[in-house]
Amino acid sequence: MIKLGVLGVGDLTDKMIRGLSRDGSAAIQLLLSPRNEGKAAALAKDLDCMVMASNQDVVNDADVVLVGVRPAHLAELARQVTLKPLQPLISVVAGVSIEDLSRLFGNRDYSRVMMSYAAEINRSTVAVHPANSKGAQLFAPLGNVVNLETEREFELAMIAACMNGWFYFLIHELQQWLTQNGMPPEAARALVFSSVEDCVAYSRYKSSTPIDELGLSIATPGTYTAGGRDLLIENGGYAAWKAACDHVFNQLAPDKS
Ligand SMILES: NC(=O)c1ccc[n+]([C@@H]2O[C@H](COP(=O)([O-])OP(=O)(O)OC[C@H]3O[C@@H](n4cnc5c(N)ncnc54)[C@H](OP(=O)(O)O)[C@@H]3O)[C@@H](O)[C@H]2O)c1
């Protein structure tokens, strides 16, 4: 049984804790920091985890520490705790490199992980750097582990995590369009979900075919799909997505993008 101490019980770590507890095979005991009392208490009430009296108590009792605070709170957290020598630290903090973590928490075994809210149902992408590090071992029950060799790859995976968030809004817009034009909301929801799911499933099935080739095999000249695609290109539909990726990557890794 590994004791995982969580410093920063917030929106993301809440989903991770729920996913870890849901998965019977994860032999992990969870120790939670006390700040954000309501969330920590709700987790302790629903699940088998313990709210500790202080951040230092979390560290003292944990084998491995998971840091889930926002970047702006990281320095304050580092001042509050003294980690045990060689205690591994896993960070979900976006845009903070292992070098920066080492400056704050000293020389130790670091993992950076990135995931989505689907961790709650054990269906998240679990991007991990360094490849096969502690984060990959502990959080495999939360979804599909993608091991990333370099920190640049990891920062790029953060853009994929943002895409995951943007997809919700895209799906919403498409569902809304259907309902505004007379489709019952539940049917619109089912149709859009199913369209996305079958596109992903077929692309996985045709794994050796480039994805745009699969699209072009549907959007043949003169089809409605091709006409709509031309309009998406003309209106900057795809260019806007690339601009959003560039924008976030410039913020996350200004010296690497
Ligand atoms: N949400 C996502 O989808 C997502 C995705 C990828 C990465 N991330 C990363 O995950 C981290 C957390 O994001 P989030 O959205 O879950 O943020 P959040 O909901 O604000 O959670 C952070 C939690 O940490 C607590 N906290 C702050 N300072 C603390 C301290 N010194 N000791 C103990 N707890 C402390 C906060 O309490 P207060 O509210 O009292 O400040 C809050 O409960 C961020 O670094 C973010 O970059 C998030």
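**Exercise 1. Find which residues of H7 meet which residues of H8, and describe the packing.**

Step 1. In this predicted model, local features need pLDDT of at least 70, side-chain atom pairs count only at pLDDT 80 or more, and totals for chains, interfaces and linings use all residues. Residues are numbered from 1 along each chain as its sequence is written, and side-chain values use heavy atoms, with hydrogens and water left out.

Step 2. Locate helix H7 at residues 151–180 and helix H8 at residues 185–205; helices are DSSP runs (H or I, at least four residues) and strands are runs of E (at least two), numbered from the N terminus.

Step 3. List the contacts (heavy atoms within 4.5 Å). From H7 come Ile171, Leu174, Gln175, Leu178 and Thr179, which meet Pro185, Ala188, Arg189, Val192, Phe193 and Val196 of H8. By class, this contact has eight nonpolar, two polar and one charged residues.

Step 4. Now the geometry: the two helices pack at about 135°, with axes 9 Å apart. H7 and H8 are therefore oblique to each other (neither under 35 degrees, over 145, nor 65 to 115).

**Exercise 2. Work out which residues touch the most other members of the largest nonpolar core.**

Step 1. Collect buried residues (under 20% relative accessible area) joined through side-chain atoms within 4.5 Å.

Step 2. Of the 25 residues in the largest core, Leu4, Leu30, Leu32 and Phe139 touch the most other members.

Step 3. Follow Phe139: not counting residues up to four places away in sequence, its partners include Leu4, Met16, Leu20 and Leu66.

**Exercise 3. Decide whether Arg204 is buried or exposed.**

Step 1. Place Arg204 in helix H8.

Step 2. Its relative accessibility is 63%, so Arg204 counts as exposed (over 50%).

How values were computed: Axes fitted to C-alpha atoms, helices over the stretch in contact; angles between N-to-C directions. Nonpolar A, V, L, I, M, F, W, Y, C, P; charged D, E, K, R; others polar. Buried < 20%, exposed > 50% of the residue type's maximum accessible area, 1.4 Å probe, protein only.
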